[in-house]
Amino acid sequence: MTPWESLAAEAAHPPRMSDLFATDPGRAGAFSVEADGLRFDYSRTALTTAARDALFALADAAGLGPRRDAMFGGAPINESEGRAVLHMALRDPDGGRLAVAGRDVRPEIRDTLARMAGFARGVRSGAIAPPGGGRFAHVVHIGIGGSALGPEMALRALTPHADGPDVHVVSNIDGAHLTDVLARVDLRATLILIASKTFTTLETMTNAESARTALAAAVGERQAAGHFAAISSAVEKAAAFGIPAERVFGFGDYVGGRYSLWGPIGLSLMLAVGPERFREMLDGARAMDRHFCTAPWAANIPALLGLIGLWHHQICGFPTRAVLPYEQRLALLPAHLQQLEMESNGKSVGLDGAPLPHGGGPVVWGAAGTDCQHAFMQLVHQGSQVVPCEFLVGRAGHEAALAHHHRLLVANCLAQAAALMHGRADGPPHRRFAGNRPSTMLMYPRLTPFVLGQIVAAYEHRVFVEGVLLGLNSFDQWGVELGKEMAGTLGPAVAGEAGADAELDPAARAALAWLRGDHGPAS
Ligand code: F6P
């Protein structure tokens with residue numbers, strides 16, 4: 001039997017979790033691992049020891065270990081783009097030589113981190129100031145996708161450490177986003193960071209141009225330039241926008257957008273929390289890298305996350321997975337993970353171009369607890385589809401005076417996991433719960449910068465693990481291109497250019513006619 005066949009056989013007659021606990025009183029410990037202060041508990045799943053062994057056999061058969069080592073060694077494992085995958089190098093600036101196509105990338109990583117720290121210290125101390133005087137009290141970070149989601153999530157996560165300028169993120173091309181943010185800042189005291197790896201992304205460049213216009217109106221054309229810095233690999237394009245090279249922070253093409261929080265894309269976070277806290281976050285991620293590279297699968301948190309994900313989606317057939325942080329400051333983690341996981345593993349062909357025999361990754365969604373309990377958890381408990389849940393919860397919060405809140409938060413998190421597992425058999429049908437619904441729990445001491453780094457890096461590696469097991473390339477994203485191209489075609493038609501409608505299909509033409517009010521204004 002292949003590992004896939006063994007797994008299918010294991011899943012054919014799934015045990016009840018409560019029976020697994022009844023026959024093995026030590027299950028909570030036997031199906032949990034600890035690493036560098038984290039504890040990952042996957043005992044509330046239908047995994048038996050045999051199923052787990054089959055998952056480890058699958059990892060070996062898929063060549064997970066050698067593939068991981070190739071990635072960390074700088075091999076071009078992003079094959080469709082011929083690129084190495086080395087976002088991990090950003091969090092290990094002091095490591096030894098690391099060659100990408102024969103060139104050691106470590107010096108440029110060290111140099112960029114030092115430049116970022118110098119810039120951040122300058123802005124935070126007031127040494128780098130607006131041309132018209134005063135201090136930079138606000139930062140507006142303009143970017144989208146991987147150039148916004150990670151920093152925004154981390155900014156929220158590290159709020160207790162934010163003692164620098166206040167940072168706002170603008171991503172959507174909807175002018176409402178920029179307008180509402182600019183209304184909250186004093187432009188004379190605002191630094192605008194344009195974060196775009198390519199410096200061509202429509203949303204970011206449109207927002208950047210409009211921000212420049214607003215700044216010029218507020219401080220004058222000459223002074224406006226002094227309010228900008230860029231995060232981009234395209235130094236010439238940033239220069240063409242009017243940003244001098246010393247205000248441009250770049251990174252190599254071995255760092256994918258959704259994995260880029262750890263370098264210059266994280267500059268707004270560094271401005272908010274300072275270089276020291278930022279470095280602690282890098283250290284946490286690096287600790288997770290070491291753990292991923294050295295722990296056997298049975299003790300390896302990212303490997304277990306990926307293997308259990310595959311068990312639930314590919315083997316048990318559960319179509320989605322919910323990420324539920326019981327930590328308000330991780331409220332944006334599900335959004336970050338949506339891009340990280342769905343842009344990485346939302347594929348249907350493999351490295352060889354053939355259809356994936358076992359499909360791609362699942363839909364990932366979620367929200368912070370306890371709010372989620374008053375929103376969608378009804379469906380998770382009693383709906384007709386099973387949604388494996390991943391809870392995240394800390395031992396302590398930051399609010400010592402509100403420790404009783406934290407105790408209630410923990411009680412609710414544990415209650416959700418227990419209710420999903422046990423269900424309720426008595427009462428009328430509408431009050432019954434089938435139970436036997438799986439969940440895992442990632443526990444941590446407290447949400448510090450180090451812990452945030454550990455958590456996010458664990459999820460990054462989980463995506464990689466899943467990608468290797470499924471045989472796909474997690475590091476390209478061709479699926480976002482077609483819509484971008486079509487928006488290019490539709491732009492002239494929406495703008496009313498003569499003859500542009502002829503390019504459109506009937507559905508688009510009809511919608512556009514209505515949106516333009518061709519047949520009179522909507523009431
Ligand atoms: O959404 C597609 C994408 O290419 C992401 O992968 C990337 O993070 C984002 O757009 C932004 O790209 P850029 O940093 O080049 O503006």
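## Nonpolar cores

In this predicted model, the largest nonpolar core holds 105 residues, and those that touch the most other members are Phe40, Leu267, Leu269, Leu310, Leu452 and Ile455. Helix H19 supplies the largest share of this core, with 13 residues. A second, separate core is made up of 25 residues, among them Ile142, Val181, Ala230 and Phe241. In soluble globular proteins, nonpolar side chains tend to be buried together.

Leu310 gives a view of the surroundings of one such core member: when residues up to four places away in sequence are not counted, Leu310 touches Trp4, Leu7, Leu55, Leu58, Ile315, Leu469 and Leu470.

## Strands and their pairing

An open sheet is formed by 5 strands, which follow the order E6-E5-E7-E8-E9 and pair in parallel. Strand E6 (166-170) and strand E9 (248-249) stand at the edges, and because each has a single partner strand, one side of each is left without a neighbour in the sheet. Strand E8, covering residues 228-231, pairs with E9 in the parallel sense over 2 bridges, and Ile231 is found opposite Phe249 in E9.

Elsewhere, strand E1 (residues 32-35) and strand E2 (residues 38-41) are paired in the antiparallel sense over 4 bridges, with Ala35 opposite Leu38 in E2. The hairpin of E1 and E2 has 2 residues between the strands, and there Asp36 takes a positive phi near 45°.

## Buried residues and their contacts

Glu466, which belongs to helix H19 (residues 449-470), is buried yet has no salt bridge, and the nearest side chain of opposite charge, that of Arg462, is 4.7 Å away. The side chain of Glu466 does, however, make a polar contact of 2.9 Å with the side chain of Asn345. Leaving aside neighbours within four places in sequence, Glu466 is in contact with Asn345, Gly361 and Pro362.

A second glutamate, Glu327, is located in the loop between strand E10 (320-326) and helix H16 (333-345), and Glu327 counts as buried because its relative accessibility is 9%, under the 20% cut-off. Apart from neighbours within four places in sequence, Glu327 is in contact with Ala368, Gly369, Gly394, Tyr444 and Leu447. Val380, in helix H17 (residues 377-382), has a relative accessibility of 1% and therefore counts as buried; with neighbours within four places again left aside, Val380 is in contact with Trp365, Val387, Cys389, Leu420 and Arg437.

## Salt bridges

The count of salt bridges comes to 29. In one of them, Arg279 is joined to Asp94, with the closest N and O atoms 2.9 Å apart. This pair links distant parts of the chain, since Arg279 lies in helix H14 (residues 275-294) and Asp94 in the loop between helix H6 (87-90) and strand E3 (99-100), 185 residues apart. Arg279 counts as partly exposed at 28% relative accessibility, whereas Asp94 counts as exposed at 55%.

Glu280 and Arg277 also form a salt bridge, their closest N and O atoms being 2.9 Å apart, and both residues lie in helix H14, 3 residues apart, about one turn of the helix. Glu280 is partly exposed at 27% relative accessibility, and Arg277 is partly exposed with a relative accessible area of 29%. Salt bridges that share partners join Arg321, Glu341, Glu390 and Arg462 into one network. A further salt bridge connects the side chains of Glu108 and Arg103 at 2.7 Å, N to O.

Conventions. Residues are numbered from 1 along each chain as its sequence is written. This is a predicted model: local features need pLDDT of at least 70, side-chain atom pairs count only at pLDDT 80 or more; totals for chains, interfaces and linings use all residues. Side-chain values use heavy atoms; hydrogens and water are left out. Buried means under 20% relative accessible area, exposed over 50%, partly exposed in between (1.4 Å probe, protein chains only). Lys and Arg count as positive and Asp and Glu as negative; His and the chain ends are not counted. A salt bridge is a side-chain nitrogen of Lys or Arg within 4 Å of a carboxyl oxygen of Asp or Glu. A polar contact is a pair of N or O atoms within 3.5 Å; within protein, one must be able to donate a hydrogen and the other to accept it, and residues adjacent in sequence count only if both atoms are side-chain atoms. Contact means heavy atoms within 4.5 Å. A nonpolar core is a set of buried Ala, Val, Leu, Ile, Met, Phe, Trp, Tyr and Cys residues joined through side-chain atoms within 4.5 Å. Two strands pair if DSSP finds at least two bridges between them.
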